[in-house]
Amino acid sequence: MAAQNIVDLPPHHPGMAELHRRVSNAFRVHWIKYPGTRPQKLVLTQKQADDLRLTQLYGGVSMPGYAPEVGKFNDRPVEVSTTTAGVLVAHDGTEMPLADYDKMPTA
């Protein structure tokens, strides 16, 4: 099977970059607050999960042989829920709402 080509992917839309930024910032904050631990999982809506997967695919087209694992982000599982606004579940079970991580907190 041929490698996926960027022209095969759906069009990019601004919400994808915003979601990726918030997810990445939430992971960074977790790693800073709790060194040596990993978040349990991401809980996203189906649309958020699809958009996050697309951002991984868009980023991966420039790296030959790269194929992001389905259902994972930063090696953590992505769970789909119809009752979430999008959260990162910390190592201790605390929910970190992604809406709080549009920007990295200062200090």
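**Met96, helix α2 and the overall fold**

Met96 sits in strand β5, which covers residues 95-97. The model is a predicted one, and here Met96 comes out at 7% relative accessibility. That puts Met96 in the buried class, because buried means under 20% relative accessible area. Leaving aside residues up to four places away in sequence, Met96 touches Ala26, Val29, His30, Gly86, Val87, Leu88, Ala90 and Tyr101. One of these partners, Ala26, is 70 residues from Met96 along the chain, yet the two C-alpha atoms are separated by 7.3 Å.

Stepping back to the whole protein, there are two helices and five strands, and from the N terminus they follow the order α-β-α-β-β-β-β. Contacts that reach far along the chain are well represented: of those between residues at least 6 apart in sequence, 75% link residues at least 24 apart. The protein has 107 residues, and 35% of them count as buried. About 6700 Å² is exposed, with 56% of that supplied by carbon and sulfur atoms.

Helix α2 takes up residues 46-60. With 15 residues at 1.5 Å each, α2 should span 21 Å, and its end C-alpha atoms are indeed 21 Å apart, so expectation and model agree. Its buried residues are Gln48, Ala49, Asp51, Leu52, Leu54, Thr55, Gln56, Leu57 and Gly60. An α-helix has 3.6 residues a turn, so residues three or four places apart point the same way. As for what lies opposite, the buried residues of α2 pack against helix α1 (14-33) and against three strands, β1 (41-44), β2 (72-73) and β3 (76-80).

Conventions: Residues are numbered from 1 along each chain as its sequence is written. This is a predicted model: local features need pLDDT of at least 70, side-chain atom pairs count only at pLDDT 80 or more; totals for chains, interfaces and linings use all residues. Side-chain values use heavy atoms; hydrogens and water are left out. Helices (H or I, at least four residues) and strands (E, at least two) are DSSP runs, numbered from the N terminus. Buried means under 20% relative accessible area, exposed over 50%, partly exposed in between (1.4 Å probe, protein chains only). Contact means heavy atoms within 4.5 Å. Accessible areas come from the Shrake-Rupley method with a 1.4 Å probe; for residues, only the protein chains shown count as cover. The expected span of a helix is 1.5 Å times one less than its number of residues.
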